[in-house]
Amino acid sequence: MYTHKQIRVNGVVQGVGFRPFVHKIALINGLLGWVLNDSQGVLIEVQGSVENYAKFKRQLLEDKPPMASIISCVETSFETNHETGAIKYTSFLIKESLEKLNTTTIVPPDANVCPDCIREMFDRTNRRYLYPFINCTNCGPRFSLIEDMPYDRKNTTMASFTMCDSCLAEYQDVADRRYHAQPNACPDCGPRAWLADTAGQEILHPEPLEQARRMLRDGQILAVKSLGGFHLSVDATQENAIKLLRQRKRRDDKPFAIMVKDMATVRRFCEVSAEEERYLQSHQRPIVILKKRSDCSLPDAIAPANPSLGVMLPSAPLHYLLLDDTALPALVMTSANRSGNPIVFRNEEAVAELGQIADVFLFHNRDIHTRVDDSLVRLVSTRDGETLTTFVRRSRGYAPYPVNVSQTLRPIMAVGAELKTTLALSKGEQVYLSQHIGDLKNDKAFDAHELCGKTLGHLLDIQPTAWAADMHPQFRSTRHLEESSDLPLYRVQHHHAHMASCMAENGLQGKTIGVVFDGTGYGDDGTIWGGEFLLGDYKSAHRIASLHPFGLPGGDKAVKEPYRVALSLLFETFGDDARHLPLPFLSELQADQINVLMTMLSRGINTVKTSSMGRLFDGVSALIGVRSKIEYEAQAAIELEGLLDRDLSSAEIFAYSFVGDQGVIRLDYRPMIAEIVGCLINGSQDAAHLSRRFHATIVAATHRLCQLLSEAYNTSQFVLSGGVFMNEYLLANTYTALKNSGFRPFVQQQVPANDGGIALGQLMVANAQMES
């Protein structure tokens, strides 16, 4: 029995060795025909016995290359004589790529260097010995160097390098691991690395990598051009070098990530689970937030007041070569940018922006077309033994991989929020998410945001018919679209977008309660929301409960100075008597300062009302003496959580209550604040215990309120989203409590729960509203 089929495969199937893989299994199974790339993915036509075709199809789906990911596989049958066949082909060929309209293939993300290439790089007999740009079809740069689709060398930044005869022979040999490896190169024909001084002038040295290691050992700061942009690097064992980097980068407290060469070194410094190890060793190579060992020998200056370290393994050959030194067990590898700016990715840009920070540059001439920052992941293990994946930042290795939402969408572009911005574009059932971009208040980040939208739209062949943006009237991206585009603009309430984002990645439909806790979001009533319980679906949602509101004296200033929030919480609880409470944080303030703030609060002068859960965490942090002023976003809340030492056990909860307010249930924290003040005055409990009791109270109150709302609105479907759910304790214990109560809770595990995932929700809301 013979068969003749055509197969359309879509997904991450270009630039990952998919065509050679198809060729191999076709020959193994004695099939005839061809395979090619086009702008819709991979197209295969095969002819042979029914039995052999069945084996081929099974291998196609189950044994695909490590970097490949199949989203759809659709086959079409040709009429044929099932007994003898109608022999059309005499062999199986890999055909040239076709240019077609309507791109639906997925742009492959960047991937770390594979074990085969590492072995070759350290093999003295290999022609690529110590070559920092070694790669093959199973590894290497992709998204960061692609200029157009389909993914062929001529459409990448490698087009300027002409392959030597040896590399070309590999590239053309279907049996070779480098068959059609688009960045294929060697020392004779490919990119090179060199050192440069702070003026950008090359430092002539026969072994630039060896000299770079020597400089790191000497405590110097190295700016390293990596896969998707520059890192700033120092020896992670040298406290003085770390402090110098902090001083020059003006980053006093925010944790740095470190890079180590292997898992044995990871275990020297951190505790690591099997799931964390899987992420560390994956081809995406994210930074994984790990708990420090109690005997960790690295300086606390890497991550002050934090029980965790952000750790990554090398993601490029260059990194392996930098770490090929027993005197350098770990390197600080932090994104190379000034505060608020996007990551630097061009050589000349690096000299201009990093010349006052770095002592030396490690450049190369393989251009980066698209900047891509490191991804950041934390694995949260619940007390019931379940592991939840939390993306703090979804970028290199994952972007622009899509989320399948199981419904057909209109072509829409969503521009995200103001902070931690990403973009989202829809096509068919896929929502393609951009890499992390940053804070749009900054001109360079805003320009990068616009460029990213144009680049992704071009690569994916998406012409949006509408825009989706935050409803905040002052958000720069929203105002820009209002002024510059004629397409319909859908302004989506911030917390509804968070809710819809979590619904979308979990494939949910219908009536849902969204528990959305974050720092700042413009509410329907013009106030600042952030501790919200919403009821609705993609099309609409309304507030059914929230945190009891309090004032932010000085508005945005209160975000950077949490002692203002602490005083506001005291004012809500004790009124004017708050100024006389014998509390340590108040004793650090001048009497005039307290008087001014109390007047602002009592009269509502320059004081914005908020229901923000994030600000409540900040205020409690300042109240119990953890952090009164911050250097980076959410620092007060992060250090408050840090006191828990990543221990999820509960504690006696504080008092709280629920009060009705114009049809909205308010979670009243004032009884809790009164109890905390009592503990502080009598000195009965330390800050760590107070933090645990506070966290346990928020979990208990959230759980109880969800029970009441489920009963009132007859739904058991809950989603947990918003930046406050980056808090490990809150996420794990709230999720577990709801699940153990028989509810159906869902969390974000494919995109960040913070504003990095909000574009997905904006797009889903806009699509639902367009259909109405």
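**A five-stranded sheet, two helices and three individual residues**

In this predicted model, strand β1 (residues 2-12) runs antiparallel to β4, and the two pair over 8 bridges. Two of the bridges can be picked out by residue: Gly11 has Ile70 of β4 as its partner, while Asn10 is matched with Ser72, again in β4. β1 also pairs with β3, once more in the antiparallel sense and over 8 bridges. Here Gln6 sits opposite Glu45 of β3. With 9 of its 11 residues buried, β1 is largely enclosed by the rest of the structure.

Stepping back, these strands belong to an open sheet of 5 strands, laid out in the order β4-β1-β3-β2-β5 and with mixed pairing. β4 (69-77) and β5 (92-94) form the edges, each pairing on one side only. Going from one strand to its neighbour, the turn is 15° on average, with direction ignored. As a rule, strands of a sheet pair through backbone hydrogen bonds, either parallel or antiparallel.

Two helices pack on this sheet. α1 touches β1, β2 (32-38), β3 (41-49), β4 and β5, and its direction makes about 175° with that of β5. α2 packs on the sheet too, in its case touching β1, β3 and β4, with a direction at about 155° to that of β3.

The helices also pack against one another. Generally speaking, a pair of packed helices is described by the angle between their axes and the distance between the axes. For α1 (residues 18-28) and α2 (residues 50-62), the angle is about 150° and the axes are 10 Å apart. Since angles over 145 degrees count as roughly antiparallel, that makes α1 roughly antiparallel to α2. The crossing of the two is right-handed. On the α1 side, the contact is made by Phe18, Phe21, Val22, Ile25 and Ala26; α2 puts in Phe56, Gln59 and Leu60. Sorted by type, the residues of this contact come out as 7 nonpolar, 1 polar and no charged.

Further along the chain, a few individual residues are worth a look. Asp123 falls in the loop between α3 (115-121) and α4 (165-172). Its relative accessibility is 31%, so Asp123 counts as partly exposed. The C-alpha atom of Asp123 is separated by 19 Å from that of Pro208, a residue 85 places away along the chain.

Asn347, by contrast, is part of a helix, α10 (residues 347-354). At 16% relative accessibility, Asn347 counts as buried, because the cut-off for that label is under 20%. Setting aside neighbours within four places in sequence, Asn347 is in contact with Trp194, Lys225, Phe230, Phe363 and His364.

The last residue, Arg692, is found in helix α21 (residues 687-713). Arg692 has a relative accessibility of 12% and so counts as buried. Again leaving out neighbours within four places in sequence, the residues in contact with Arg692 are Leu644, Asp647, Leu648, Ser649, Ser650, Ala651 and Tyr729.

Terms used. Residues are numbered from 1 along each chain as its sequence is written. This is a predicted model: local features need pLDDT of at least 70, side-chain atom pairs count only at pLDDT 80 or more; totals for chains, interfaces and linings use all residues. Side-chain values use heavy atoms; hydrogens and water are left out. Axes are lines fitted to C-alpha atoms, for helices over the stretch in contact, and angles run from 0 to 180 degrees between N-to-C directions. Helices (H or I, at least four residues) and strands (E, at least two) are DSSP runs, numbered from the N terminus. Angles under 35 degrees count as roughly parallel, over 145 as roughly antiparallel, 65 to 115 as roughly perpendicular and the rest as oblique. A crossing is left-handed if the near helix is turned anticlockwise from the far one by less than a right angle, and right-handed if clockwise. Contact means heavy atoms within 4.5 Å. Ala, Val, Leu, Ile, Met, Phe, Trp, Tyr, Cys and Pro count as nonpolar, Asp, Glu, Lys and Arg as charged, and the others, Gly among them, as polar. Buried means under 20% relative accessible area, exposed over 50%, partly exposed in between (1.4 Å probe, protein chains only). Two strands pair if DSSP finds at least two bridges between them.
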